[in-house]
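Please open the structure in your viewer and keep the selection panel at hand. The tour begins with the whole chain and then turns to one helix.

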Amino acid sequence: MPKSIHRVTTVIKSISDEFGVRRIKLGDVDDWPLPPFTAGAHIDVYLPSGKVRHYSLCGDPADNSRYHIAVKRDANSRGGSIEVHETLKVGQELLISLPRNFLPLTYTEGCVIMVAGGIGITPFLSMLPELERRDAKYLLHYCTRSPAATPLKDMLHPYDKKVNFYHSETRTRMDIKALIDNIGDKDHLYICGPTAMLHAAEELGAHLGNRLHIEYFGVGETSSDPA
C-alpha cells in the first residue's frame, strides 16, 4: 500500500533578503497554529515548479504560530534556491510537509557543541532557544567568509556570550581538529556546513560514535538544501 504524504498549505507572510539569503515566514492560511516541531527539524517545501527542497525550521519550537526558513541563493545549484529568490512572493500559498527531524537534539550532562558553516547555521537556530530553556551547557561556533557576510546574525544576539565567530577573510579560522581533540566524554558535537568541513569532522571525530551528529546539504536528511 503506498505511503500517504501529508502536506500542509501555508501562506508566505513575509520575505526579507540579506547577504544572498532569503528569509521567509510562513503561516497557516487561516492563522491557525501550524503542526508542532522539535529543535533541529526541517520541512519539505513544494515549489511551484514541482521541485521539492528541504529547509530547516529556524524559529523557536515553542512558537508554532509561524514557520521560519532561510534559503541561500546559489547560482550553481539545481535551481531550487534561484526559484525561491526570484519567484516567491508575500501572500503566495506554498505547500509544505509535516516537520521531520533527522538532527534531533540530545540532552546530555555534558556540553552540546555546535559548528555551523555559512547557511549551515539554520538547524541550530531552533536548538538555541530550547537549550536556553533547559539551562543546558552549549557552545556555538559559526564560520563565515567575513563579519559583514554573516547571515542571520541578528537571531544570535540573545546567545552572544555562547557564540564564537570565525571569518576566513580575516584569517580567524576554526581549528576543527583542536575542537574535536578537546571534546569531553559526555559532550555531543553537531555540525552542519560545507562538505569539506563535514568530511573532516567525520574523519577526525569517528571515535565519538553516536556523539557526533552531522547534517549534509542536498541529502534526504538535510534541512538547508542549497539546490
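**The whole chain**

With 227 residues, a compact globule would have a radius of gyration near 17 Å, and the chain agrees, having 17 Å (taken over C-alpha atoms; the globule rule is 2.2 Å times the number of residues to the power 0.38). This is a predicted model, in which local features need pLDDT of at least 70 and side-chain atom pairs count only at pLDDT 80 or more, while totals for chains, interfaces and linings use all residues. Residues are numbered from 1 along each chain as its sequence is written, and side-chain values use heavy atoms, with hydrogens and water left out.

Display the C-alpha trace: along its principal axes it spans about 50 × 40 × 35 Å. Switch to a cartoon next; the chain has 4 helices and 11 strands (DSSP runs, H or I of at least four residues for helices and E of at least two for strands, numbered from the N terminus). Buried residues make up 49% of the chain (buried means under 20% relative accessible area, exposed over 50%, with a 1.4 Å probe and protein chains only).

**Helix H4**

Now select residues 195–204, which form helix H4; Met197, Leu198 and Ala201 are buried there. Looking down the axis of H4, one finds its buried residues within an arc of 95 degrees, so they line one face of the helix (the arc is that of the directions from the helix axis to the C-beta atoms). Next, select Ala196 and Glu203: these exposed residues are on the face turned away from the buried side of H4.

Finally, add strand S7 (111–117), strand S8 (137–144), helix H3 (176–181), strand S10 (188–192) and strand S11 (212–215), which are among the elements that cover the buried residues of H4 (contact means heavy atoms within 4.5 Å).
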